[in-house]
Amino acid sequence: MDVVTRFFNSESCDIHFNHGDLLEAIWSWTGIKPEYRQKVAELLSLLGSLRPQSSERKSKWVVIRRQLRQELNLADDALNRLQTVGLRFCGIVDQALPRLRGALPADKSTRKALDELSELFNYLRIWRIDRHVILDALLPPTESYHRKLYFQIYLRKDNSHVTLNEGILLAVGGRYDYLLHQLADSEYKSNPPGAVGTSIALETILLHSSADNKISRNGIGINVLVCSRGGGGLLVERMELVAELWEENINAEYVPLCDPSPTEQYDYASEHDIKCLVIITDSGVSQKGSVKVRHLELKKEKEVERENLVKFLAEAMSTQFRNPSIWS
């Protein structure tokens, strides 16, 4: 989304996401036989860019339903259930998730898939991306090896300067643990590491962006690593602080682990050539608390009030942290 919103207004883009295990549960609930699922998925992918409950999607569903009956001879009961999924189980996440939990069998894989979707949505809410997100339980994966969470980002047709019949696919991605599991040697088979990837259609983005669109300027040219000490990793708090620094145009990141050790965080900083650390603790995460700012190269450290952090970093960065007065 950071790349996409450099060319388009964020309100013009939709993020459709789904989970491989949820789609499997949908196949079973609707009664679609395994030998038909690939063909059904291909036809359902034609709905991908259209918002659930939109008039365009409802019109296209009529055509797809006719094709499914003619080509696969699907029973009306299966078609009706597919339509129910499209009308009731797709859309705003806070509405779709409870309906899915109430309708689908509460087996372990389905519960886990719904929990992972809910967890991801909560993380996106921290970064204020949630208003662009659509849970589409009929969305098939772009790649067959996306067996867990996956997504597609579309530019809505009413927001392009080019006349479009449907939305334009700008990016796809997802978890490919399954592929990694297939390729890994025996020592990783029992517990393969997680993996996620993204493909961005830069040519498409450039083609459909307005000539007036300009790439926004980069953040202040020093990277900051937001770290945690204690508190179970403080993942949400790290994400919130990173988002706050982004809003102030400060380059910031964090170790993408729930509870990274101090060694893992220092190693990450070293590998990514990050010299400035902002360290939060469970006692200093509130707006009135404090954080520690540490510069690894200069071997300087200062405790800064949370509410003054942005001001301190901006002033410190203006002198490459080398003004002695900022550390006093």
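**Reading pockets, packing and burial**

Me: What is the volume of the second largest pocket?

Reply: The second largest pocket encloses about 430 Å³. The model is a predicted one, and the values discussed here are computed from it.

Me: Which residues lie closest to the centre of that second largest pocket?

Reply: A pocket may be read through the residues that line it. Here 17 residues line the second largest pocket, and Leu-23, Glu-24, Gln-38, Pro-141 and Ser-144 are the closest to its centre. Two elements, H1 and H2, give two or more residues to this lining. The greatest contribution comes from H1, with 5 residues.

Me: How do the residues of this lining divide by class?

Reply: The lining of the second largest pocket comprises 5 nonpolar, 5 polar and 7 charged residues.

Me: How much space lies in the largest pocket, and which residues are nearest its centre?

Reply: The volume of the largest pocket is about 2400 Å³. Its lining has 49 residues, and those nearest the centre are Leu-124, Trp-127, Ile-129, Trp-246 and Tyr-254. By class, 28 of the lining residues are nonpolar, 12 are polar and 9 are charged.

Me: Which elements each supply at least two residues of the lining of the largest pocket?

Reply: The elements that do so are strand E1, helix H6, strands E3, E4 (168–175) and E5 (196–200), helix H10 and strand E7.

Me: Turning to helices, which residues of helix H5 are buried?

Reply: The general idea is a matter of periodicity. An α-helix has 3.6 residues a turn, so residues three or four places apart point the same way. In helix H5 (residues 93–103), the buried residues are Val-93, Ala-96, Leu-97 and Leu-100. Viewed down the axis of H5, these buried residues fall within an arc of 100 degrees, so they line one face of the helix. Asp-94 and Gly-102, on the other side of H5, are exposed.

Me: What do the buried residues of H5 pack against?

Reply: Their partners are strand E1 (13–19), helix H1 (20–30), helix H6 (108–126) and strand E2 (133–135).

Me: Is Ala-113 of helix H6 buried or exposed?

Reply: Burial is judged by relative accessible area, with buried meaning under 20%. Ala-113, which lies in helix H6, has 0% relative accessibility and therefore counts as buried.

Me: Which residues is Ala-113 in contact with, leaving aside its neighbours within four places in sequence?

Reply: With those neighbours left aside, Ala-113 contacts His-19, Asp-21 and Leu-22. Between the C-alpha atoms of Ala-113 and His-19 the separation is 6.3 Å, although the two residues are 94 apart along the chain.

Me: Where is Val-293 placed, and what is its relative accessibility?

Reply: Val-293 belongs to strand E9 (residues 290–295). Its relative accessibility is 0%, so Val-293 is classed as buried. Leaving aside neighbours within four places in sequence, Val-293 has contacts that include Cys-276, Leu-277, Val-278, Leu-309, Phe-312 and Trp-327. The C-alpha atoms of Val-293 and Val-224, residues 69 apart along the chain, are separated by 9.5 Å.

Me: How should a polar side chain such as that of Gln-152 be read, and which side chains make a polar contact with it?

Reply: Location comes first, and then the partners. Gln-152 is in strand E3 (residues 149–155), and its relative accessibility of 7% means that it counts as buried. The side chain of Gln-152 makes a polar contact of 3.0 Å with the side chain of Thr-142 and another of 2.6 Å with the side chain of Tyr-154. Beyond its neighbours within four places in sequence, Gln-152 is in contact with residues including Asp-14, His-16, Leu-139, Leu-169 and Val-172.

Me: Which value does phi take at Gln-53, and where does Gln-53 lie?

Reply: Backbone angles can be read residue by residue. At Gln-53, a residue other than glycine, phi is positive, near 70 degrees. Gln-53 lies in the loop between helix H2 (34–44) and helix H3 (55–72), and with a relative accessible area of 38% it is partly exposed. Asn-249 also has a positive phi, near 65 degrees, and is placed in the loop between helix H10 (235–247) and strand E7 (250–254).

Me: How many helices and strands does the protein chain have?

Reply: There are 12 helices and 10 strands. Of the 328 residues in the chain, 42% are buried. Among contacts between residues at least 6 apart in sequence, 64% join residues at least 24 apart.

Conventions. Residues are numbered from 1 along each chain as its sequence is written. This is a predicted model: local features need pLDDT of at least 70, side-chain atom pairs count only at pLDDT 80 or more; totals for chains, interfaces and linings use all residues. Side-chain values use heavy atoms; hydrogens and water are left out. Helices (H or I, at least four residues) and strands (E, at least two) are DSSP runs, numbered from the N terminus. Buried means under 20% relative accessible area, exposed over 50%, partly exposed in between (1.4 Å probe, protein chains only). A polar contact is a pair of N or O atoms within 3.5 Å; within protein, one must be able to donate a hydrogen and the other to accept it, and residues adjacent in sequence count only if both atoms are side-chain atoms. Contact means heavy atoms within 4.5 Å. The arc is that of the directions from the helix axis to the C-beta atoms. On a 1 Å grid over the protein atoms alone, a cavity is a set of points where a 1.4 Å probe fits but cannot get out, and a pocket is an open set with protein on both sides within 12 Å along at least five of seven lines; lining residues have an atom within 4 Å of a point. Grid points are joined across faces, edges and corners, and a volume is the space filled by probe spheres set on the points. Ala, Val, Leu, Ile, Met, Phe, Trp, Tyr, Cys and Pro count as nonpolar, Asp, Glu, Lys and Arg as charged, and the others, Gly among them, as polar.
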